[in-house]
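Here are some comments on the model you sent, set out as numbered points. They go from single residues to the cores and the pocket.

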Amino acid sequence: NGNKLFMDSFDSTDPAYSDPSGSYDPNRHKAGATVASNMGIENAVSLGNADVFGRVATGIGGSIDVLKNGVVGDMAWHASGGSGIQLGAASTDADLPFPPIDAPLMGSAPPVDNSGSSYTLMLTNGVYEIGSLKGNIAVFGNATLIVRTEFDIKGNNAIRITPGGHLDLYVYASSALFGSGTYNYLNGGKAKDLRYYGMPSNKNISISGSTSFVGIIYAPEAHVEMSGG
């Protein structure tokens, strides 16, 4: 919804389509996005006035609703002032599989930071497990964190991943809240280094305003809501 919503893509390995650190740059983006629904119903995808740099797809028999200022197509289509959906940029062949998540069975208790820093957890190499996550995380290695019951974090550098680090989150909590702040965003964070896996019990994910999140979210059972800037 709204006329300031953009869907696009980038390539962290190509300086022509990312900033010098390999992070997303809105001035060097690509048109590799696909907005899709498996449903084959009327208005299976409702784009409003969004700008999609790429394609849109529904299941067989589905249709797409787009308002007068909505645009879907390649870079040339957008640059030329094209309106609506470019010829060939929509299809009814969406058939997206959502395989189950293969999660670790359990982990050890994570180390708690008592040094007086702003971080609750400072993770290194290993598989960790926690009931409630309400504090900030710093990652200094290849870490996995299982969250069982509660996920509610916010703040500047709420998830900080140092160069060479990686974090896999396996979240069983019914709801997960990413509050205002930054997540793997500062210092040129890469999307591949922060992966969020919502388990079947993870039914809701909320990302509030003024949030910068660099990562991957795979949560097939979750209702995802994003609000604000």
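1. Does Lys30 count as buried, partly exposed or exposed? The model is a predicted one, and in it Lys30 has a relative accessibility of 30%, so this residue counts as partly exposed, given that buried means under 20% and exposed over 50%. Lys30 is placed in the loop that runs between strand 1 and strand 2. Its C-alpha lies 6.2 Å from that of Asp8, although 22 residues separate the two in sequence. Once neighbours within four places in sequence are set aside, the contacts of Lys30 are Asp8, Ser9, Phe10, Asp11, Tyr17, Phe53 and Met75.

2. Two asparagines deserve a look at their backbone angles. Most residues other than glycine have a negative phi, and most peptide bonds are trans. Asn43, which is not a glycine, nevertheless has a positive phi of about 55°, and Asn157, also a residue other than glycine, has a positive phi near 60°. Their settings can be described in turn: Asn43 belongs to the loop between strand 2 and strand 3 and counts as partly exposed at 37% relative accessibility, whereas Asn157 lies in strand 12 and is buried, with a relative accessible area of 14%.

3. Ser208 sits in the loop between strand 16 (204-207) and strand 17 (211-213). Its relative accessible area is 19%, and Ser208 is therefore classed as buried, the limit for that class being under 20%. The side chain of Ser208 reaches the backbone nitrogen of Ser180 at 3.1 Å. Ser180 is also among the residues that Ser208 touches when those up to four places away in sequence are not counted, the others being Phe178, Gly179 and Ser227.

4. The largest nonpolar core holds 28 residues, of which Leu133, Leu145, Phe151, Ile159, Leu167, Leu169 and Tyr196 touch the most other members. Two or more residues of this core come from each of several strands, including strand 9 (121-123), strand 10 (126-133), strand 13 (166-171), strand 14 (175-183) and strand 16. The largest share, eight residues, is supplied by strand 12. In soluble globular proteins, nonpolar side chains tend to be buried together.

5. Leu167 may serve as an example of the surroundings within that core. Leaving aside neighbours within four places in sequence, Leu167 is in contact with Leu123, Val139, Ala143, Leu145, Ile159, Ile161, Asp193, Leu194 and Arg195. There is also a second, separate core, made of six residues, with Val45, Val56, Val72 and Ala89 among them.

6. The largest pocket encloses about 2200 Å³ of space. Its lining is formed by 47 residues, and those that lie nearest the centre of the pocket are Leu5, Phe6, Met7, Phe213 and Met226. The elements that contribute two or more residues to this lining are strand 1 (6-7), strand 2 (33-36), strand 3 (45-48), strand 17, strand 18 (216-218) and strand 19 (223-226). Strand 2 gives the most, with four residues. Sorted by class, the lining of the largest pocket comprises 26 nonpolar, 17 polar and four charged residues.

How values were computed
Residues are numbered from 1 along each chain as its sequence is written. This is a predicted model: local features need pLDDT of at least 70, side-chain atom pairs count only at pLDDT 80 or more; totals for chains, interfaces and linings use all residues. Side-chain values use heavy atoms; hydrogens and water are left out. Buried means under 20% relative accessible area, exposed over 50%, partly exposed in between (1.4 Å probe, protein chains only). A polar contact is a pair of N or O atoms within 3.5 Å; within protein, one must be able to donate a hydrogen and the other to accept it, and residues adjacent in sequence count only if both atoms are side-chain atoms. Contact means heavy atoms within 4.5 Å. On a 1 Å grid over the protein atoms alone, a cavity is a set of points where a 1.4 Å probe fits but cannot get out, and a pocket is an open set with protein on both sides within 12 Å along at least five of seven lines; lining residues have an atom within 4 Å of a point. Grid points are joined across faces, edges and corners, and a volume is the space filled by probe spheres set on the points. Ala, Val, Leu, Ile, Met, Phe, Trp, Tyr, Cys and Pro count as nonpolar, Asp, Glu, Lys and Arg as charged, and the others, Gly among them, as polar. A nonpolar core is a set of buried Ala, Val, Leu, Ile, Met, Phe, Trp, Tyr and Cys residues joined through side-chain atoms within 4.5 Å.
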